[in-house]
Amino acid sequence: MIGGFAKIYNNKITILVNDAEKGNDIDPQEAQKILELAEANVRKAKGKRLTIEANLALRRARTRVEASNAIS
């Protein structure tokens, strides 16, 4: 699942999320492979539940690729 909450108060930000990962800990090549796999899974997904799960995985994969690209 992707999502969370952020609170900004007095020039400080507090973030509450289910999962976090440092961008510099992500292998860009591995992240790209996972993105390609996630895209294929979205195309193959059958049924509402599998389609939703595949799209969530795709969003996470895209975010990881973007984070790894921002670092390099």
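**Exercise 1.** Classify Ser68 as buried or exposed, and state its relative accessible area.

Solution. The relative accessible area of Ser68 is 3%. Buried means under 20%, exposed over 50% and partly exposed in between, with a 1.4 Å probe and protein chains only. Ser68 is therefore buried. The model is predicted: local features need pLDDT of at least 70, side-chain atom pairs count only at pLDDT 80 or more, and totals for chains, interfaces and linings use all residues. Residues are numbered from 1 along each chain as its sequence is written, and side-chain values use heavy atoms, with hydrogens and water left out.

**Exercise 2.** Place Ser68 in its helix and list what Ser68 touches.

Solution. Ser68 belongs to helix α2; helices are DSSP runs of H or I with at least four residues, strands are runs of E with at least two, and both are numbered from the N terminus. Not counting residues up to four places away in sequence, Ser68 touches Gly23, Ile26, Pro28 and Ala31, where contact means heavy atoms within 4.5 Å. The Ser68 side chain also reaches the backbone oxygen of Val65 at 2.9 Å. A polar contact is a pair of N or O atoms within 3.5 Å; within protein, one must be able to donate a hydrogen and the other to accept it, and residues adjacent in sequence count only if both atoms are side-chain atoms.

**Exercise 3.** Check the span of helix α2 against its number of residues.

Solution. The expected span is 1.5 Å times one less than the number of residues. Helix α2 (residues 48-71) has 24 residues, so the span should be 34 Å. The end C-alpha atoms are 35 Å apart, which agrees.

**Exercise 4.** Which residues of α2 are buried, and against what do they pack?

Solution. The buried residues are Ala54, Leu58, Ala61, Arg64, Val65 and Ser68. They pack against α1 (28-44). Take Arg64 in α2: its relative accessibility is 15%, so Arg64 counts as buried. Leaving aside neighbours within four places in sequence, Arg64 contacts Glu21, Ile26, Ala31 and Ile34.

**Exercise 5.** Describe the setting of Thr63 in helix α2.

Solution. Thr63 has a relative accessible area of 44%, so Thr63 is partly exposed. A polar atom of the Thr63 side chain lies 2.9 Å from the backbone oxygen of Arg59. Thr63 and Leu35 are 28 residues apart in sequence, and their C-alpha atoms are 9.3 Å apart in space.
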